[in-house]
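Reader: I'm new to reading protein models, and I'd like to learn how the labels are earned. Could you take me through a few of them?

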Amino acid sequence: MGKKINEIIGMILRGILAVIYPADFCCIICSEEDVEGLCRECNNKITRCKEDELCIGYYKGPLKELILKFKYHKDFNAGEVLVRLIEGKLDLVEKDYCLTFIPIGEEALRSRGFNQCKYIADEIGFRKDFKVVDTLEKVKETKIQKTLIKEERLKNLLGAFEVKNVKKVKGRKLIIIDDVVTTGATLSEAARVLKECGASEIKILTLGKSNI
């Protein structure tokens, strides 16, 4: 019963978003007409991560534009495109994995109004029938990662995350969702905390991969 109610609530919320953010029938990147989401040319300009099965591609070009539009401008049409691009990555992943996500601090939440990683997790969970578990909270405000060198990033994130409820983590196989991975410091710290609380296996799912 609970699952059915959640599905109904999810459908209602998605309907509301569709009304508030109606899809434009043009490419979200180049504005080519009679296209919903991303045109073929812009899609082909995304440099795929062939060596990483659970990542769309490299953080540049159209993919970078999509992530920035979604993350900082609340463009849920861009968010929809990103979900479509990433959801197929889970086709061969066993359903005994649960989805979780990188949390953001209160300041970032007030500024953006939502956690883009949670949105991606909820959407993929709904569409691909994966359970979504809210496992982590950010307990320490950190400096913006992109302003730091690799060594500083690791130190910046140490102790930044805590597990909300150990019972929801212990013995579980988890997929952590983040938007962009550069050095991997954020995901490494999140994985470390989850493993210390008993997570049995961890995979990483990211929208984009960047390099310093």
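**How the labels are earned**

Author: Happily! Cysteine 42 has a relative accessibility of 5%, and buried means under 20%, so cysteine 42 counts as buried. Please keep in mind that this is a predicted model.

Reader: What makes cysteine 117 buried?

Author: The reasoning is alike. Its relative accessible area is 3%, and the cut-off is under 20%, so cysteine 117 is buried.

Reader: How do you know that cysteine 42 is not bonded to the closest cysteine sulfur?

Author: That sulfur belongs to cysteine 39, and it is 3.6 Å from the sulfur of cysteine 42. A disulfide needs two cysteine sulfur atoms within 2.5 Å, so this pair is too far apart for a bond. In fact, the structure holds zero disulfides.

Reader: How do you know that the span of α4 agrees with what a helix should have?

Author: Helix α4 runs over residues 76-87, twelve residues in all. The expected span is 1.5 Å times one less than the number of residues, so α4 should span 16 Å, and its end C-alpha atoms are indeed 16 Å apart.

Reader: Why is α4 called mostly covered?

Author: Nine of its twelve residues are buried, each falling under the 20% cut-off. Among them are Phe76, Val81, Leu82 and Ile86.

Reader: What makes the pair at the start of α4, aspartate 75 and asparagine 77, a polar contact?

Author: A side-chain oxygen of aspartate 75 comes within 3.1 Å of the backbone nitrogen of asparagine 77. The cut-off for such a pair of N or O atoms is within 3.5 Å, so the distance fits.

Reader: How do you know that the span of α8 agrees too?

Author: Helix α8, residues 185-196, also has twelve residues, so 16 Å is expected; its end C-alpha atoms are 17 Å apart, which agrees. Just after α8 comes glycine 198, with a positive phi near 105°.

Reader: What covers the buried residues of α8?

Author: The buried residues include Leu187, Ala190, Val193 and Leu194. Their cover includes the strands β2, β3, β4, β5 and β6, along with helix α7.

Reader: Which helix gives the largest share of the lining of the largest pocket?

Author: That is α3, with five residues. The lining has 37 residues, and Lys71, Tyr72, Arg112, Ile144 and Gln145 lie nearest the centre of the pocket. About 1000 Å³ of space lies inside. Helix α8 appears here again, as one of the elements that supply at least two lining residues.

Methods. Residues numbered from 1 in each chain as written. Predicted model: local features only at pLDDT ≥ 70, side-chain atom pairs only at ≥ 80, totals over all residues. Heavy atoms only, no water. Helix = DSSP H or I, 4+ residues; strand = E, 2+ residues; numbered from the N terminus. Buried < 20%, exposed > 50% of the residue type's maximum accessible area, 1.4 Å probe, protein only. Polar contact = N/O pair within 3.5 Å; in protein donor to acceptor, adjacent residues only side chain to side chain. Contact = heavy atoms within 4.5 Å. 1 Å grid on protein atoms, 1.4 Å probe; cavity = no way out; pocket = protein on both sides within 12 Å on 5 of 7 lines; lining within 4 Å. Points joined across faces, edges and corners; volume = space filled by probe spheres on them.
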